[in-house]
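Student: I should like to take a close look at a single part of this protein. Could you please choose one buried place, describe what surrounds it, and then set it within the whole?

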Amino acid sequence: MATEIKPPIKYDMVWTMYGKRADFFGIAERFHIDPVTARVIRNRDVITDEEIDTYLNGGLDRLHDPVMMKNMEKGCSLMLEEIRSRNRIRIISDYDVDGVSSNYILYKGLQRVWEHENGSPAGDGIDYDIPHRIYDGYGINIRMVDAAAADQVSMIITCDNGIAAFDAVRKAKEYGMRVIVTDHHDIPYDTDENDIRVYKVPEADAVIDHKQPGCEYPCKELCGAGVAYKFIQLLYRMCGIPEAECEAFIEILGIATVCDVMNLVDENRIIVREALHRLSDSSNYGLKALITNSGRDGKKLSAFDLGFIIGPCINAAGRLGDAKTSLEFLLETDSFKANERAIELLNINNTRKDMTEQGTKTAIGLLETSDHLLMGAVPETGVAALSDRVLVMYIPKLHESLVGIIAGRIKERYYRPVLLFTDSEEEGIIKGSGRSIEGYNMYDEINKCSDYFTKFGGHEMAAGFSMEKRNLARLREKMNANCTLDEKLLTPKLRIDVPMPLDYVSIPLTEELEVLEPFGKGNEKPVFAQSGVRVKSARIMGKRQNVLRVSFLMENGGTIEGISFDPEVFISNIKQWFGTNECDKILKGMPSHVVLDVAYYPDINEFAGRRTLQIRLLEYRKHEE
């Protein structure tokens, strides 16, 4: 019998208020903004006037100098030697959006330098390779090194990978090739007898990763494409090409920064903001076609569009097929072919979304029944139990490219770290991805269990790994035994920027809040809240009945509309908190006793030429007197 999957009831959530102090009225006066806006900026740890000015007005001229990155000058000098000698150079990237973007930036940039230095196009002097997700796995490997040697490649440069590729780099050196590693992932380490970390890097000719010890580059949040951009920027400088030409790569870099979930702080914020501005009239045929075919042409683009519409289409080819398809799409110079490729990527992504939904339902079904939580193991499919603090799961026959997305969905639903495995091409070996929550460093925790893994890598919030299937139950046991997460850390938190009555919301303030964009990790959309708001009415709308409009009474006697896209969950919660009778009253627009604490973001609804205020309902809870 099929398992019924019910929508999640709203879990307990701790509402906390930012307590950071500053002279908000002074900041508001100096920068001509509302004190509310000033307070939000301070909550993002933007403190000094210089930092605030960069946050509000920073342009590309405020990006950090690439020469500050350890081994960057050395790597660029080696690259120039190879190019001037007309030796064959191969770029090897990862297969995700960041990897494809990194490869694009290096490929186009190195071609430009080759032509500048040698007076003729590079031809096959510069080429690229990307591992196949299923058959190769993550990053450069020995097979790819062997292929490069067979093609008489003189230098390999990696991007968005390589920092842990010890065997592959060693093999390349045995062939006599030069190797430059450009990466942004955490540096691998061992621990000595005193439990002190001993970091290690591959024996490449130059290792460029701003997270390695001794690197003084100030922004540690760059994605792989960011490091590639810095490499080309310095390379242009060293051979006399105007550095302003690098700005042609900003659109691609902005997409990679958002899709790799980098913190939108420091220069990342500048990059993404500039990318959004340029993408509205992109000169890249592929991106222009993708924006048009996804229905975003002529509309103001946001970081959400990059992360959830454009980026996933670029990523889809690497998930379900060959990532080279996405790179060729970005390199396309024929508008007709670019349009065809954009439609192809959109179709692939739609297939990916359907497969993801089905895989997520399967995962939830393993953890739940229609009415009871499974408190024990599920031996026939996996070992996770909802009583665990770390969910270690195995689902056979999942498309392994979807494992990370599904792990993220499970993490969001249950607010637990998740390690999800599925079958690999190799007998007895399973591969997986992990997604973490605040306060749980997944890379460090996996490192404590390194004996169980055949391969792993990642960072604090996400990881990828493979292991022998027979070790799965033991891994679950050890991960949970090591876990120090308590109930406080296992309870999600809502951080409120400003307790702001609905009466204070205005169209000018709502428009001003746009200066805080782009929103994303590290620069989250601000949260405002009011306690004790009475619900006047609620109605479910839309062709699919998936839109909820709630009318709230304000203290000045007026009303303001709130909008949510989880009507089923809202109705379920109102019935649970206030009873079915009270829920029926608000649905009929009758006076009721439904009073909520509301967390929201102000919005402007434009319809039939009219602009009216509304709020996006972010969270809510029963108001307790």
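Tutor: A residue counts as buried when its relative accessible area is under 20%, as exposed when that value is over 50%, and as partly exposed in between. With this cut-off in hand, we may turn to glutamate 400 in what is a predicted model. Glutamate 400 has a relative accessible area of 12%, and therefore it is buried. This residue belongs to the loop between strand S9 (391-394) and helix H15 (403-414).

What does glutamate 400 touch, leaving aside residues up to four places away in sequence? Its contacts are Arg133, Ile134, Thr422, Asp423, Ser424 and Lys431.

One of these partners, serine 424, deserves its own description. Serine 424 sits in the loop that runs between strand S10 (418-423) and strand S11 (429-435). Because its relative accessibility is 16%, serine 424 counts as buried. Not counting residues up to four places away in sequence, serine 424 touches Glu400, Ile429, Ile430 and Lys431. Lys431 thus appears among the contacts of glutamate 400 and also among those of serine 424. A distance may be added here: the C-alpha atom of serine 424 is separated by 15 Å from that of proline 131, although the two positions lie 293 residues apart along the chain.

Other loops show a contrast in accessibility and some less usual backbone geometry. Most residues other than glycine have a negative phi, and most peptide bonds are trans. Arginine 86 is not a glycine, yet its phi is positive, at about 60 degrees. Arginine 86 is placed in the loop between helix H4 (72-84) and strand S2 (89-93). Its relative accessible area is 47%, so arginine 86 is partly exposed. Glutamine 152, which is not a glycine either, has a positive phi of about 60 degrees. The loop that holds glutamine 152 joins helix H6 (142-150) to strand S4 (155-159). Glutamine 152 counts as exposed, because its relative accessibility is 67%. As for the peptide bonds, the one from glutamate 517 to proline 518 is cis, with omega near 5 degrees. Proline 518 is found in the loop between helix H18 (507-512) and strand S16 (528-541).

Strand S4, which follows the loop of glutamine 152, pairs with strand S5 in the parallel sense over four bridges. Within this pairing, isoleucine 157 stands opposite isoleucine 180 in S5. Strand S5 (residues 178-182) is mostly covered, since four of its five residues are buried.

Finally, let us consider the whole. The protein has 20 helices and 20 strands, and buried residues make up 53% of its 625 residues. A compact globule of 625 residues would have a radius of gyration near 25 Å, and the 26 Å of the protein therefore agrees with that expectation. Along the principal axes, the C-alpha atoms fill a box of roughly 80 × 60 × 55 Å. Of the contacts between residues at least 6 apart in sequence, 68% join residues at least 24 apart. The protein exposes about 28,100 Å², of which carbon and sulfur atoms supply 48%. Its 77 positive and 97 negative charges have mean positions that are 4 Å apart.

Methods. Residues numbered from 1 in each chain as written. Predicted model: local features only at pLDDT ≥ 70, side-chain atom pairs only at ≥ 80, totals over all residues. Heavy atoms only, no water. Helix = DSSP H or I, 4+ residues; strand = E, 2+ residues; numbered from the N terminus. Buried < 20%, exposed > 50% of the residue type's maximum accessible area, 1.4 Å probe, protein only. Rg over C-alpha atoms; globule rule 2.2 N^0.38 Å. Contact = heavy atoms within 4.5 Å. Areas by Shrake-Rupley, 256 points an atom, 1.4 Å probe, with all protein chains shown as cover. Lys, Arg positive; Asp, Glu negative; His and termini not counted. Charge placed at Lys NZ, Arg CZ, Asp CG, Glu CD. Pairing = 2+ DSSP bridges.
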